[in-house]
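User: Hello! I have a model open on my screen and would like to go through it with you, one question at a time. Could you help me read it?

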Amino acid sequence: MHSLDNPAWAALCTSQKHLARGQGLALRYDQDHATFATAVGHNYEPLVMLGALVAATGPAIVIEKDPLPPVPGTIVRKHRMGVQMLAEAPMPADPDFAFEELGDADAAQMLALATLTEPGPFFARTHRLGRFIGVRREGRLIAMAGERMRTLGFAEVSGVCTHPDFRGLGLAGRLMRAVAARIVEQGDIPFLHAYADNASAIALYERLGYRHRIDVNVTVLVPA
């Protein structure tokens with residue numbers, strides 16, 4: 001099994017182990033950082049542990065290659081199919097593109113932009129999952145992109161969003177190129193996730209050098 005078949009488990013057992021909550025065969029991210037949960041395999045024991053973890057800590061998203069069987073003590077609020085894409089040869093960064101490093105001082109603006117544009121789950125400390133960069137106009141954060149799940153050899157490009165007033169300028173693509181270039185510089189391969197029916201986003205990612213690796217099941221679990 002490829003480590004990215006269950007990316008959250010791979011990340012929480014390696015590079016992002018410090019953010020893992022739970023124990024044994026089921027883990028989840030600290031809720032201030034991300035809402036992903038995971039179990040190692042679909043046997044009875046890990047599924048029971050996953051259900052207990054969701055019951056104790058609240059709703060969670062499971063992303064993995066195989067369909068998730070019923071998890072004791074939970075209800076499936078939503079299920080959608082997604083795609084996982086790799087960029088083994090991403091489009092190089094634009095050397096003339098100016099961006100800023102983002103950090104704790106920018107957290108409020110980052111959360112506000114993500115809340116407005118909904119690039120995916122984004123919380124108070126999501127920006128600490130990896131390196132984020134952004135573009136400002138007159139002091140206002142108008143676009144950003146960064147890293148989310150990270151495991152040995154791979155880093156996920158995520159949090160890509162642009163304020164509606166500034167769409168159509170190519171900011172998202174340029175930011176993604178910069179993020180991917182930095183991931184490659186440190187010897188890792190960029191990957192990302194998208195919903196399978198988001199044709200426009202997938203087309204953009206393909207232009208940036210990403211290629212389909214697997215279909216993934218995206219399942220939102222809530223306590224029963």
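Analyst: Gladly, and one definition will help before we start: a polar contact is a pair of N or O atoms within 3.5 Å, where, within protein, one atom must be able to donate a hydrogen and the other to accept it. Please keep in mind that this is a predicted model.

User: Let's use that definition, then. Which residue offers its backbone oxygen to a polar atom of the side chain of Gln-16?

Analyst: Gln-16 sits in the loop between helix H1 (7–12) and S1. Apart from neighbours within four places in sequence, Gln-16 is in contact with Ala-11, Tyr-29, Leu-129, Arg-148, Met-149 and Arg-150. A polar atom of its side chain lies 3.3 Å from a backbone oxygen, and that oxygen belongs to Leu-129.

User: Is Gln-16 buried or exposed?

Analyst: The cut-off for buried is a relative accessible area under 20%. Gln-16 has a relative accessible area of 2%, so the residue counts as buried.

User: Now the sheet that holds S1. What is the order of its strands?

Analyst: The sheet is open and its pairing is antiparallel. At the edges are strand S1 (20–23) and strand S3 (37–39), and each of these pairs on one side only. On average, neighbouring strands are turned by 20° against each other, direction ignored. The order is S1-S2-S3.

User: Which residue in S2 is the bridge partner of Ala-20?

Analyst: S1 pairs with strand S2 (residues 26–29) in the antiparallel sense, over four bridges. One of the bridges joins Gly-22 to Leu-27. For Ala-20, the partner in S2 is Tyr-29.

User: Which residue in the turn between S1 and S2 has a positive phi?

Analyst: The two strands form a hairpin, with two residues between them. The phi in question is about 70°, and the residue is Gly-24.

User: What is the order of the strands in the eight-strand sheet?

Analyst: This sheet is open too, with mixed pairing. Strand S4 (60–64) and strand S6 (100–102) each have a single partner strand, so one side of each is left without a neighbour in the sheet. From one strand to the next, the twist averages 30°. Reading across, the order is S4-S11-S5-S10-S9-S8-S7-S6.

User: Which residue in S7 is the bridge partner of Leu-102?

Analyst: S6 pairs with strand S7 (residues 132–137) in the antiparallel sense, over three bridges. In S7, the partner of Leu-102 is Phe-132.

User: On the eight-strand sheet, which strands does H2 touch?

Analyst: Helix H2 (residues 44–57) also packs on the three-strand sheet, where it touches S1, S2 and S3. Against the eight-strand sheet, the direction of H2 makes about 60° with that of S11. The strands touched there are S4, strand S5 (74–86) and strand S11 (211–223).

User: And H4: at what angle does it run to S8?

Analyst: Helix H4 (residues 171–185) lies across S6, S7, strand S8 (140–151), strand S9 (154–162) and strand S10 (189–195). Its angle to S8 is about 35°.

User: How wide is the arc that the buried residues of H5 cover around the axis?

Analyst: In helix H5 (residues 199–207), the buried residues are Ala-201, Ile-202 and Tyr-205. They lie on the same side of H5 because the arc they cover is narrow enough, only 100°. S5, H4 and S10 are among the elements that cover them, while Ala-199, Ser-200 and Arg-207 are exposed on the other side. The arc, once more, is 100°.

User: Where is Glu-138, and what is its phi?

Analyst: Most residues other than glycine have a negative phi. Glu-138 has a positive one although it is not a glycine. The residue lies in the loop between S7 and S8 and is exposed, with a relative accessible area of 87%. Its phi is about 55°.

User: Last one, on the cysteines: how many disulfides are there?

Analyst: A disulfide needs two cysteine sulfur atoms within 2.5 Å. Among the cysteines, Cys-13 is partly exposed at 36% relative accessibility, whereas Cys-161 is buried at 5%. By the distance rule, the number of disulfides is zero.

Conventions
Residues numbered from 1 in each chain as written. Predicted model: local features only at pLDDT ≥ 70, side-chain atom pairs only at ≥ 80, totals over all residues. Heavy atoms only, no water. Pairing = 2+ DSSP bridges. Axes fitted to C-alpha atoms, helices over the stretch in contact; angles between N-to-C directions. Contact = heavy atoms within 4.5 Å. Buried < 20%, exposed > 50% of the residue type's maximum accessible area, 1.4 Å probe, protein only. Arc of directions from axis to C-beta.
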